[in-house]
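I opened this entry to keep a record of what I looked up, going from the overall fold to the pairing of aromatic rings.

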Amino acid sequence: MSKGWQLTLILCLFGLFALFYQGLWGDPHHIPTVLIETEAPNFEGPDVETGQTISLDQFKGKVVLLNFWASWCYECKVEHESILQLHQLFKDNPEFVMLGVNYQDELPAAKKYLKEYGSTFSHVRDLKGQLAIDYGVYGVPETFVIDQQGKIRHKWVGPITGEVYTNITQKVIAPLLKAQPTTTTTS
């Protein structure tokens, strides 16, 4: 084997090792989105509980939190109490709206889930999965925060609990409601 091939082989192995090392120590929840700072895709769909049409256009000029969930999702159950607390914290602010987006679920299962775990805000059904595609959803739960200008300012993949709850309430939503600039983030 020539020295050129040996050097190429060593560089390739080093590159693979570097990729492995980065993946080993990286944040598994960090899935970058190209949607941060872009216009939030509009949507329209039926409310899980009432069947009435819900549209993102209804909430122009407000801070909107979209939480994608499903009745079959274990982590959605883990975060559910925190999601209800988050809504409780901001529900009296007329500039805040929280919407659940029911993802790849059957209507009876979704209704049963909301009845069993509680519901204090509206949930739109993503009937054909197009809403999840438009938002680049990889799975559930995933949460997006949209500012008053209709731009996506924050995305989180995984349950909203503990430190994540504190971050999203204090460093994302609260500053947006005070019309202060926030640090745009993804995870």
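**Fold, burial and ring pairs**

I began with contact range, keeping in mind that this is a predicted model: among contacts in the protein with a separation of 6 or more, 72% are between residues 24 or more positions apart.

I then listed the secondary structure, which comprises five helices and eight strands, and from the N terminus I read the order of the elements as α-β-β-β-α-β-α-β-α-β-β-α-β.

For the surface I noted that 45% of the 187 residues count as buried, while the protein exposes about 10,600 Å², with 58% of that area supplied by carbon and sulfur atoms.

Next I turned to the aromatic rings, where I found six pairs in the structure. One of them joins Y113 and Y117 in a tilted arrangement, with 4.8 Å from centre to centre and 40° between the planes. Both residues belong to helix 3 (residues 107-117), and because they are four residues apart there, about one helical turn separates them. I checked their exposure as well: Y113 is buried at a relative accessible area of 4%, whereas Y117 counts as partly exposed at 31%.

Another pair is formed by Y135 and F144, which meet edge-to-face at 5.2 Å centre to centre with 65° between the planes. Which side of the burial cut-off do Y135 and F144 fall on, buried or exposed? I found Y135 buried with a relative accessible area of 0%, and F144 is likewise buried, with 0%.

Lastly, I followed the ring pairs outward and noted that they link F68, Y135 and F144 into a cluster.

Key. Residues numbered from 1 in each chain as written. Predicted model: local features only at pLDDT ≥ 70, side-chain atom pairs only at ≥ 80, totals over all residues. Heavy atoms only, no water. Helix = DSSP H or I, 4+ residues; strand = E, 2+ residues; numbered from the N terminus. Buried < 20%, exposed > 50% of the residue type's maximum accessible area, 1.4 Å probe, protein only. Contact = heavy atoms within 4.5 Å. Areas by Shrake-Rupley, 256 points an atom, 1.4 Å probe, with all protein chains shown as cover. Phe/Tyr/Trp six-rings, centres within 6.5 Å; stacked < 30°, edge-to-face > 60°.
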